[in-house]
Amino acid sequence: MSRADEGLAGEGDEDLLGRVFLGRVVEPGDEIGGRWVREFGVGEVVRRIRGGGEALPGVSEARWAGLVARAERAEPARDLAMARAAGARFVVPGAPEWPGQLDDLGDARPLGLWVRGRPGLRMWALRSVAVVGARACTEYGSHVAATLAAGLTERGWVVVSGGAYGIDAAAHRGALAAGGATVAVLACGVDRPYPRGHTALIERIADQGLVIGELPPGDHPTPSRFILRNRVIAALTRGTVVVEAACRSGSLATARAAQRLGRHTMGVPGPVTSALSAGVHELLRGEAALVTDAAEVAELVGAMGDLAPPRTGPILPRDLLAPAARTVLAALPGGRAAPVGEIALDARTTPDEAIARLYELRALGYVERHGDGWKLTRQAVISARTGHPPC
C-alpha cells in the first residue's frame with residue numbers, strides 16, 4: 001500500500017483497499033487472478049504485484065510485467081474518493097451487502113462491486129430476474145420487454161439488465177414506469193454512464209434503484225468487458241429472459257452463463273421470419289423455457305405454487321350442453337327444418353332420444369318446431385358465429 005492508502009485504511013479495511021487496488025490491475029472475470037486471491041489471499045497478491053519480483057504462477061513473464069506496470073498507476077485511495085464523490089460504495093465478498101449467489105462464479109467471481117443507489121444489493125438480488133436482448137430491437141421487442149418488466153415489478157421482482165440501447169433500456173424503463181425496482185449492471189465505471197445517450201436513464205436508475213459494476217470509477221467499456229459483465233447479470237439473478245436476439249447477440253452469452261450456473265433460462269418467441277429472434281428460437285430449441293408474460297416467468301423463478309393462469313379459448317354456451325344434446329344440435333341443418341328421423345339418423349341415435357334432446361334444446365332457445373320438423377333458431381345461428389348465448 002502507498003502511504004496515502006495506509007492513512008485511509010483502518011482495521012478491516014486492508015482487504016477492501018487491496019481489492020480496489022487489484023480492480024485496477026486485473027481484468028474482470030480473470031480466473032487466474034481469482035485463483036491467486038483464493039490461494040494466497042488479497043494482501044499477499046497485492047504485495048507480490050507491487051514488489052514486481054518473481055511472477056505468481058500461471059502467467060508468462062510478459063503478462064506479469066504488464067500487471068506490474070498497471071499496478072504502478074493504481075491508487076485505491078483516489079478510486080474510493082472518486083466513488084464517494086459520485087455517491088458510490090465498494091462492496092466486497094463477505095460484506096453484509098454482498099450477494100452470496102455471485103460466489104457461484106468461483107474464481108471468476110468479482111473482486112468487489114461498485115454500487116450506486118440507496119437500496120441494499122444483497123436483498124434486492126434475492127428476488128431478481130434478468131431481462132436482456134438485442135440493442136437494435138424492433139418495436140415488438142421493445143413493447144414486450146417493457147411490459148414484461150412492468151409485470152415482474154408489480155409481482156415484487158427486481159428487474160436486472162445492462163443499461164444498453166434496445167431491450168435493456170426498454171426493460172429498465174418498463175420497471176421504472178411501473179414504480180418498480182431495477183438494477184443496471186455496467187461494463188464501465190458506475191460514475192461514467194454508458195452509452196452517453198442513456199445518461200439521464202442511468203441517473204434515474206441510480207436515484208430509484210441501483211447501478212453496479214466491477215470496474216473502478218472512470219474506467220471505460222470495451223467489447224470484452226461487455227461479455228464479462230454478462231456473467232454478473234446471470235449469476236446475480238434467479239433467471240434470465242431473452243427478448244429478441246440474433247444468432248450472434250451478446251445477450252445469448254448471458255443466457256449461456258445462466259445455464260452453466262444452473263439458473264432458469266427463458267426466451268420470448270418472435271416471428272420466424274425475423275433475424276432478430278433467430279437466436280432466441282435457437283435457445284428455445286435447447287434447454288430454455290418459452291415464456292410470453294410476467295406470470296409465466298414468475299411461475300418458473302418463483303416459489304412453489306406461484307402458478308401462471310392456464311391459457312384456454314373462450315367457453316361457448318354450447319360447450320356447457322350435455323354431450324347427447326350437443327350431438328343432436330350439431331345434426332340440425334343450418335338453413336331449413338328437418339324431420340326427427342333425419343336428425344336422429346345424423347345424430348346416430350333413436351328418434352325418441354332425438355325428440356327428448358330437441359325439447360331440451362327448445363327450452364334453451366336453440367331450436368324451434370316447424371310442423372313435423374325442427375329448425376335452428378336465428379339466435380342459435382348467431383351464437384354459433386359470435387359465441388353469445390341464444391337466450
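**Salt bridges, cavities and selected residues**

R24, E27, R70, D79, D219 and R225 are joined in a network of salt bridges. The model in which this network appears is a predicted one. In total, 21 salt bridges are counted in the structure.

Within the network, E27 pairs with R225, and the closest N and O atoms of the two are 2.7 Å apart. E27 sits in the loop between α2 (14–25) and α3 (31–40), whereas R225 belongs to helix α11 (residues 223–236), so this salt bridge ties together parts of the chain that are 198 residues apart in sequence. The two partners also differ in exposure class: E27 is partly exposed, because its relative accessibility is 27%, and R225 is buried, because its relative accessible area is 7%, under the 20% limit.

D79 is another member of the network. This residue is part of helix α6 (residues 76–85). D79 counts as buried because its relative accessibility is 0%. Leaving aside residues up to four places away in sequence, D79 is in contact with V20, R24, W114, P216 and P217. R24, one of these contacts, is itself named in the salt-bridge network.

Helix α6 also contains M82. M82 is partly exposed, because its relative accessible area of 30% falls between the limits of 20% and 50%. When residues up to four places away in sequence are not counted, M82 touches D191, P217 and G218. P217 thus appears among the contacts of M82 and among those of D79. R196 lies 114 residues from M82 along the chain, and the C-alpha atoms of M82 and R196 are separated by 19 Å.

Two further salt bridges were examined. In one of them, the side chains of D107 and R38 meet with an N to O distance of 2.8 Å. D107 is located in the loop between β1 (88–91) and β2 (113–116) and R38 in helix α3, so the pair links parts that are 69 residues apart in sequence. R38 is classed as exposed because its relative accessible area is 53%, and the class begins over 50%.

The other salt bridge is formed by E44 and R47, with the closest N and O atoms 2.6 Å apart. Both residues lie in helix α4 (residues 42–51), where 3 residues, about one turn of the helix, separate them. E44 is partly exposed, because its relative accessibility is 26%.

Enclosed space was also examined. Rolling a probe the size of a water molecule over the atoms shows where empty space is left. The structure contains 2 cavities of 30 Å³ or more. The largest cavity has a volume of about 170 Å³. It is lined by 22 residues, and those closest to its centre are V26, E27, P28, L111 and E214. Helices α2 and α3 each contribute at least two residues to the lining of the largest cavity. By class, this lining is made up of 10 nonpolar, 5 polar and 7 charged residues. E27 therefore has a place in the lining of the largest cavity as well as in the salt bridge with R225.

The second largest cavity encloses about 50 Å³ of space. Its lining consists of P28, V185, L186, A187, E214, L215, R225, L228, R229 and V232. Strand β5 (182–186) and helix α11 each supply at least two of the lining residues. Helix α11 gives the most, with 4 residues. The lining of the second largest cavity divides into 7 nonpolar and 3 charged residues, with no polar ones. R225, the partner of E27, is among the residues that line the second largest cavity. P28 and E214 also line this cavity, and both are named among the residues closest to the centre of the largest one.

The cysteines form no disulfides, the count being 0. C247 is in no disulfide, because the nearest cysteine sulfur, that of C137, is 17 Å away, and a disulfide needs the two sulfur atoms within 2.5 Å. C247 is exposed, because its relative accessible area is 56%. C188, by contrast, is buried, because its relative accessible area is 1%.

How values were computed
Residues are numbered from 1 along each chain as its sequence is written. This is a predicted model: local features need pLDDT of at least 70, side-chain atom pairs count only at pLDDT 80 or more; totals for chains, interfaces and linings use all residues. Side-chain values use heavy atoms; hydrogens and water are left out. Buried means under 20% relative accessible area, exposed over 50%, partly exposed in between (1.4 Å probe, protein chains only). Contact means heavy atoms within 4.5 Å. A salt bridge is a side-chain nitrogen of Lys or Arg within 4 Å of a carboxyl oxygen of Asp or Glu. On a 1 Å grid over the protein atoms alone, a cavity is a set of points where a 1.4 Å probe fits but cannot get out, and a pocket is an open set with protein on both sides within 12 Å along at least five of seven lines; lining residues have an atom within 4 Å of a point. Grid points are joined across faces, edges and corners, and a volume is the space filled by probe spheres set on the points. Ala, Val, Leu, Ile, Met, Phe, Trp, Tyr, Cys and Pro count as nonpolar, Asp, Glu, Lys and Arg as charged, and the others, Gly among them, as polar.
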